[in-house]
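Trainee: Please take one helix of this model and go through it closely, then place it within the rest of the chain.

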Amino acid sequence: MILKNRPVLIRWILILASFAIVSGILWNTYIFFQEFKEDERTKMQIWVRALKSINDGEDLLLAGDIIATENSNPRIIKDDKGGISTLNMDEKKENDSLYIKQKIKQFSKENQPIEITYFDEELKSNVKKGTLYYGNSETLNKLKYYPLALLLIIVLFAAVAYFFFSASKASEQNKLWAGMAKETAHQIGTPLSSLVGWTEILKTENVDPDYIKEIEKDIDRLQTITERFSKIGSIPTLQRLDIVQETKDSYDYLLSRTSKLVNFTFEAPDTPIYSEINAQLYSWTIENMVKNAIDAMKGKGDLKLEITPADTFVKVLITDNGKGIPKRNFKKVFQPGFTSKKRGWGLGLSLAKRIVENYHSGKIKVLKSELGKGTTMQISLKTI
């Protein structure tokens, strides 16, 4: 059991390991950001003390060096009389009072303001002379967006990996379906050839010709099915054919082999509508969609085939009054394996989608559906 699920286990280990690594990087980045921010505050506090030292006449040389060299953070100094002075800011906006107020508000959110105090000889104590508002340095601002950039890279990488594995899985599924279809065609072909031979022998015997005629109809049908399966996985030959006539042929075939409880209706223009199609695959699509509609009606109800020309396209509509499709499943019904039937394989509509979109460059979709009232499916093909 463990060996059977080994690929899944390895996949989960890789996902968890990636998550742990990313979490570790983001956490360490956050810690580094906070430490860097604290270092900048310490620098600002030292800078304020250097100002105080100059005012008090203490160690002027060292204080001057500190003030001259510390220029990484933008600063606004507001003295106790309302005067404003700035450092490391846009010189063109230094006299713009609105700009200064906005910056003071911004800096106050980024960092706790620092009070500037000087020693008062008369009071023999420190007196507040102003407030320092300072913003983050350019380096810290860049560092702030590093986790976001990292997350974006990870998301993009995950998306690329997801689409790669999805495409790879879809390709494997397509190869599997194509292989099964070709093998089915091969398996049917052997007894079919034998049936053709036995039919020829029966013609020489005293057998009712009507019986032989019916057997030949079934043989022709099996040959059509074999041709359809053999074309899956290979590029089919397209011909300029009349969509109206091809749809009518499929309609007539289904009409004669469907329960009388199904009320068929066919509506189409009187003039031909030509498109590049493969007759066998197109008829297979119509049959699959009609049978799917009949199943949705549980074998009885009203079913309508309608052909409508629209600019450079022709639309083929199949409408039933069955149980309907929930809106959330409009796209899911075309996925291989998806079915609402207890004994369904979920292949009919997925094959129809493959034939219409991959082989005929058309579109197929659930046009509209209402639970308990029915569904309209639409095929769109280019006209020529």
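**Helix H7 and its surroundings**

Mentor: This is a predicted model, and its protein chain holds 9 helices and 11 strands. The helix to look at is H7, residues 243-257. With 15 residues at 1.5 Å a residue, H7 should span 21 Å, and its end C-alpha atoms are 21 Å apart, so the expected and computed spans agree. At the N-terminal end, Asp 242 acts as the cap of H7: one of its side-chain oxygens lies 3.0 Å from the backbone nitrogen of Val 244.

Val 244 is also one of the buried residues of H7, along with Ile 243, Glu 246, Thr 247, Ser 250, Tyr 251 and Leu 254. These buried residues cover an arc of only 170 degrees around the axis, which means that they lie on the same side of H7.

H7 also has a part in the largest nonpolar core, which has 34 residues, with Leu 303 and Ile 379 making the most contacts inside it. H7 is among the elements that give two or more residues to this core; the others include helix H9 (348-359), strand S8 (301-310) and strand S11 (374-382). Helix H8 gives the most, with 6 residues. Leu 303 touches, among others, Val 262, Phe 264, Val 290, Ile 294, Met 297 and Ile 318. A second, separate core of 10 residues includes Trp 47, Ile 77, Tyr 118 and Tyr 134.

For the protein chain as a whole, 31% of the 384 residues count as buried. Of the contacts with a separation of 6 or more, 67% are between residues 24 or more positions apart.

Terms used:
Residues numbered from 1 in each chain as written. Predicted model: local features only at pLDDT ≥ 70, side-chain atom pairs only at ≥ 80, totals over all residues. Heavy atoms only, no water. Helix = DSSP H or I, 4+ residues; strand = E, 2+ residues; numbered from the N terminus. Expected span 1.5 Å × (residues − 1). Buried < 20%, exposed > 50% of the residue type's maximum accessible area, 1.4 Å probe, protein only. Arc of directions from axis to C-beta. Polar contact = N/O pair within 3.5 Å; in protein donor to acceptor, adjacent residues only side chain to side chain. Contact = heavy atoms within 4.5 Å. Core = buried A, V, L, I, M, F, W, Y, C linked by side-chain atoms within 4.5 Å. Lists of a residue's contacts leave out its neighbours within four places in sequence.
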